[in-house]
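This report is meant to be read beside the sequence and the 3D view. Please keep both open while reading.

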Protein chains: 2
Amino acid sequence: MPKIGMEPVRRKALIDATISAIGERGSLDVTMSEIAGRAGVSSALAHHYFGAKDELLFATMRHILAELNTDTRRAFNLAGTPRQRVSAVVAVSFSDDQFQSQIIAAWLAFYVEAQKSTELRRLLRIYARRLHSNLMSGLTGILPRTEADRVAEATAALIDGLYIRRALKDGVPDAQTAIALVEDYLETKLNGRSLP
Amino acid sequence: MPKIGMEPVRRKALIDATISAIGERGSLDVTMSEIAGRAGVSSALAHHYFGAKDELLFATMRHILAELNTDTRRAFNLAGTPRQRVSAVVAVSFSDDQFQSQIIAAWLAFYVEAQKSTELRRLLRIYARRLHSNLMSGLTGILPRTEADRVAEATAALIDGLYIRRALKDGVPDAQTAIALVEDYLETKLNGRSLP
DNA sequence: TTTTTTATTGACGCATCAATCAATAATAAT
DNA sequence: ATTATTATTGATTGATGCGTCAATAAAAAA
């Protein structure tokens, strides 16, 4: 029962399936059949639309990055002050959409894969730069450039670190605690005063 | 020319080879043959001593953890004050022995693998707890328990985050800068004052 | 000196997957 | 009505890699 115009539908379904498969397995060691099965199609079709597995994984990472970006833009629109822009970046990073085990597992797995794939590494660098620049867009309105830069660096590392620690699912901070930690750091750096 | 008592020698060589192989490939997707080759033996011998690949990887992670631990103990012996104990933990984390691409790649890869392997996850939790407790051993002498706990959490996340960002090898902080970032955070939290 | 233990490997079986391809069918274009 | 295009899959191929095993040889024990 082949209808026409299936391509975008299948692509989306396959990317979603890839995310959930990676999320469940916790790594990129998922087979094309597994992914295709989740998307309700054959593995041959996945190859038909994406060519090779690499490309499907690449498209998936790009999709995750794009989602993060739109979420951030949306949050920026609601932020009036520089300080609020900074908080917006933090809030989005730990929002329900982003700070969930599936996405975190994917991030982690892609970080590892980036060691092998130049293209993936380039993609993750774009993320790193964008995060930095998003943070700077608020911080430069509050601190002198050099110090803003250092704070942005630390904040980004803090966010990444909290992500990785979440992956262990131990006495791990939930989103609320994570946000509080980062905000506490920011408060200290921006006001020279920490929470009581 | 089989000499006797080769077992410990081979084990060590295989673990070292595993680290360097993982470091080069950037992931745990290294074959037993590759590892064995680097160690100058056949893959059959690797299986002979470690049984399965899992066990070799596990032994490798345990070795890395043990090294980190002895380094930390040594640094603790030179630390007089609580404040120095905290700095010692940071210094060891970014020492030449630990903060090198091979080891970092291994950490990252093992974090991913921990999603699948319960035993590996347990091992990494031990690391997380030990790091926390090592930080606390200094912090509790400076801050009230609750706050010390939060600072330890943030510091640990900061360290992990700087590790992960190093893996991208981009505008990445070198060891010096990384230490400065963490120390700056600690100074702010402990003195309520940041670097000029 | 014979036997057992330790060290070591090449070759092989077996399973897993990525990727291809030929075949089928429905829709659209001519 | 015929041809081309799009959608789809089952079956197959080829490669890769883990784990095993029988075979060889040196040392240690008997």
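The text below goes through the two DNA strands, then the aromatic rings, and then one residue inside a helix.

This is a predicted model, in which local features need pLDDT of at least 70 and side-chain atom pairs count only at pLDDT 80 or more, while totals for chains, interfaces and linings use all residues. Residues are numbered from 1 along each chain as its sequence is written, chains are lettered from A and ligands numbered from 1 in the order in which they are written, and side-chain values use heavy atoms, with hydrogens and water left out.

**DNA strand C.** A residue is near a strand if one of its heavy atoms lies within 4 Å of it. DNA strand C is surrounded by 22 residues, and the closest are Thr31(A), Met32(A), Lys53(A), Arg10(B) and Ser42(B). Sugar or phosphate accounts for 79% of the atoms of DNA strand C within 4 Å of the protein, and bases for the rest. The residues of this surface are 13 nonpolar, five polar and four charged. In this division Ala, Val, Leu, Ile, Met, Phe, Trp, Tyr, Cys and Pro count as nonpolar, Asp, Glu, Lys and Arg as charged, and the others, Gly among them, as polar. Helices here are DSSP runs (H or I, at least four residues), numbered from the N terminus. H3(B) gives the largest share of the surface near DNA strand C, four residues.

**DNA strand D.** Around DNA strand D there are 23 residues, the closest being Met6(A), Arg10(A), Ser42(A), Met32(B) and Lys53(B). Of the atoms of DNA strand D within 4 Å of the protein, 79% are part of sugar or phosphate and the rest of bases. The surface near DNA strand D consists of 14 nonpolar, five polar and four charged residues. Its largest share, four residues, comes from H3(A). Helix H1 (7–25) and H3 of chain A and H3 of chain B each supply at least two residues of this surface.

The table lists distances from protein atoms to phosphate oxygens of the two strands.

| Protein atom | Strand | Distance |
|---|---|---|
| Met32(A), polar backbone atom | DNA strand C | 2.9 Å |
| Lys53(A), backbone N or O atom | DNA strand C | 2.8 Å |
| Met6(B), polar backbone atom | DNA strand C | 3.1 Å |
| Met6(A), polar backbone atom | DNA strand D | 3.0 Å |
| Arg10(A), polar side-chain atom | DNA strand D | 2.5 Å |
| Lys53(B), backbone N or O atom | DNA strand D | 2.9 Å |

**Aromatic rings.** Over all chains, the whole structure holds nine aromatic pairs. Rings of Phe, Tyr and Trp (its six-membered ring) pair if their centres lie within 6.5 Å; planes under 30 degrees apart count as stacked, over 60 as edge-to-face and the rest as tilted. Phe94(A) and Phe99(A) are edge-to-face, because their ring centres are 5.0 Å apart and their planes at 80 degrees. Phe99(A) and Tyr163(A) are also edge-to-face, with centres 5.3 Å apart and planes at 70 degrees. This second pair links distant parts of the chain, 64 residues apart: Phe99(A) is in the loop between helix H5 (82–93) and helix H6 (101–113) of chain A, and Tyr163(A) is in helix H8 (residues 145–166) of chain A. Phe94(A), Phe99(A) and Tyr163(A) make up one aromatic cluster. Phe99(A) and Tyr163(A) are both buried, where buried means under 20% relative accessible area (1.4 Å probe, protein chains only).

**A residue in helix H8 of chain B.** Thr155(B) is part of helix H8 (residues 145–167) of chain B. Thr155(B) is buried, because its relative accessible area is 0%. Leaving out residues up to four places away in sequence, Thr155(B) touches Leu135(B), Val182(B), Tyr185(B) and Leu186(B), with contact meaning heavy atoms within 4.5 Å.

Definitions and conventions: A polar contact is a pair of N or O atoms within 3.5 Å; within protein, one must be able to donate a hydrogen and the other to accept it, and residues adjacent in sequence count only if both atoms are side-chain atoms. Buried means under 20% relative accessible area, exposed over 50%, partly exposed in between (1.4 Å probe, protein chains only).
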